[in-house]
Amino acid sequence: MPRDAQIAPNCYDAEPIPEAARAEIDRLLTTGDLFRYTSEGSPVARLEEAFAAHMGVRYAVAVSSCSQALFLAMKALDLPEGARVLVPAFTFAAVPSAIVHAGGVPVLVEVGEDFRIDLEDFAAKIAGADAVLISHMRGHTSDMDAIMEQAEAHGLPVIEDAAHSLGTRWHDRKIGTIGRIGCFSFQSYKLLNAGEGGVMITDDPDLAARAIIMSGAYEHNWKKHSGLMTRCEAWQNKLPLYNCRMQNLSAAILLPQIGEITRRARDGLRNHDHVAVRLGESRWLKVPPALAPETRAPDSLQFLLAGEWSDDEARAFQAEAKARGVSVSVFGLSTDNARAFWNWQFLGDLPELPKTRAMLVRACDIRLPARLTQPDLEFISEALLEAVAQVKPA
Ligand SMILES: *Cc1c(COP(=O)(O)O)cnc(C)c1O
C-alpha cells in the first residue's frame, strides 16, 4: 500500500508574514505612500540599511528582482558591449538572460555531479573573459577560494548570484559578500518572501552610486540614500535610468523578516540534513555533501539517482513518489525546464556540455521548507525510499 498522499506535507506554502508587518502596511495603505522616494526614511531605505547591516556590508540597493540586481551589477561594473561573462550552466534561465540584457555574452561553464562549477572547465574558459558571475544554484556554493584566486589572477570582477543563498556561509564569510557585488532575491520561493524583489550589495561606493542612479534615482532622489552624496553627484545625468526600484509595500513585508534569517537558515539545514541521511539508506540515491568551508541554508534538497538508471526508471520513480504525495522534479527530464541549459534557445547556438547534461537528467529536486516538522520529514523520507524500492529492488 502506498502511503496516503492525502496527508502528505504541503511543501509549497510560504511561511506567514510576521504580524509586525501589518501596522506598517496599514499606514502605507492609509497614506498611499508607496513610492520609495516620496518621504525620508521610507520602508525601502530602512530595508536597505537593515539588509546591509545584517550582511556586514556598506551598501545595499533594493530593486524589483534578483535578475534586475544582476543586470544592474553588470551595468555598474561598466562591462563593455559584448563582454564575455562566465556563468555556470546549471542555473535559472533568468541569469543568462540578465547577461544578455546587460549587453554581454554568457559563456556557460560545466557543472559537475555535485551541482558545483567544474573548476577545470572554468580554468579552460577564463582566458578572454571579462567578468565572472557565480550562480550559487539552489544554494550550492562552488569553491569560492579557487574561483576568487583565478578571477583575481586574471583581473576579473566576480558577481555572486546569491538569490537562493541567503544565510549560507563560506569559511566565516557570508555568501554574497565574497565577490565585488552580491545579488539576492525576495521572490516567494526564497528565504525572505516579498512575492517579488531583489537587492544588490557591495562595499564599493562607486558601484553602489552607479547602481542607485541606474535603478531609477532620477534628479536628486539619490539624496535619500545616505553616505554617497559626492559619488552620486559625480554620476548625475551621466547614466541611463532603468527604473527597477522596489516599492514600499515590498519593503514593509520584508523588514520584519530580517530577524527570521538566522532561524530559517538553521531550521532549513536541520531539515535538509535529516532527509539527506535517510536517503543515504538507499544505494540508488546520493546527496552530494557540502564542501568543507560551506555551511548551507537550504530550503530544498537535491539528490542524484546513483548508479545505472534509465530515463524510464527515473520517470517511474517520480510517479511512485507522486503517488505517495511527494513531488520530485528531475531538472533535465521535464519539458521546457528553465534550469536545463538546452532550453535557453534565446542564446542562439548552445554549446554541448556533457557533464552538466549528465547531471541534469539524474538530478532530483524537492522542496523542503524550514517550517516542516519532524513527522513531515519522516513522511517525505519514507515516501522517497518506498518509491525507489518500487523501481529498484534491493
Ligand atoms: C530565484 C533565482 C533567480 C531569480 O531571482 P528573481 O528575483 O526571480 O529575479 C536567480 N538565480 C537564482 C540562483 C535563483 O534561485
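A polar contact is a pair of N or O atoms within 3.5 Å, and the contacts described below are read from a predicted model.

**View 1. Polar contacts between the ligand and its surroundings.** In this predicted model, a nitrogen atom of the ligand lies 2.7 Å from an N or O atom in the side chain of Asp161, which falls within the 3.5 Å limit for such a contact. The side chain of Ser67 places an N or O atom 2.6 Å from an oxygen atom of the ligand, whereas Cys66 contributes a backbone N or O atom, at 2.8 Å from a ligand oxygen atom. Of the 390 Å² of accessible area that the ligand has on its own, 91% is covered by the protein.

**View 2. The ligand in its pocket.** The ligand occupies the largest pocket, with 13 residues around it, of which Cys66, Ser67, Asp161, Ser185 and Lys190 come nearest. By residue class, the shell around the ligand consists of four nonpolar, seven polar and two charged residues.

**View 3. A three-stranded open sheet.** Three strands form an open sheet in the order S7-S6-S11, and their pairing is antiparallel. Strand S7 (173–174) and strand S11 (294–295) are the edge strands, each of them pairing on one side only.

**View 4. The pairing of S6 with S7.** Strand S6, which comprises residues 169–170, pairs with S7 in the antiparallel sense over two bridges. Within this part of the sheet, Trp170 stands opposite Arg173 in S7.

How values were computed: Residues numbered from 1 in each chain as written. Predicted model: local features only at pLDDT ≥ 70, side-chain atom pairs only at ≥ 80, totals over all residues. Heavy atoms only, no water. Near = heavy atom within 4 Å. Polar contact = N/O pair within 3.5 Å; in protein donor to acceptor, adjacent residues only side chain to side chain. Areas by Shrake-Rupley, 256 points an atom, 1.4 Å probe, with all protein chains shown as cover. 1 Å grid on protein atoms, 1.4 Å probe; cavity = no way out; pocket = protein on both sides within 12 Å on 5 of 7 lines; lining within 4 Å. Sits in = over half its atoms within 2 Å of the grid points. Nonpolar A, V, L, I, M, F, W, Y, C, P; charged D, E, K, R; others polar. Pairing = 2+ DSSP bridges. Helix = DSSP H or I, 4+ residues; strand = E, 2+ residues; numbered from the N terminus.
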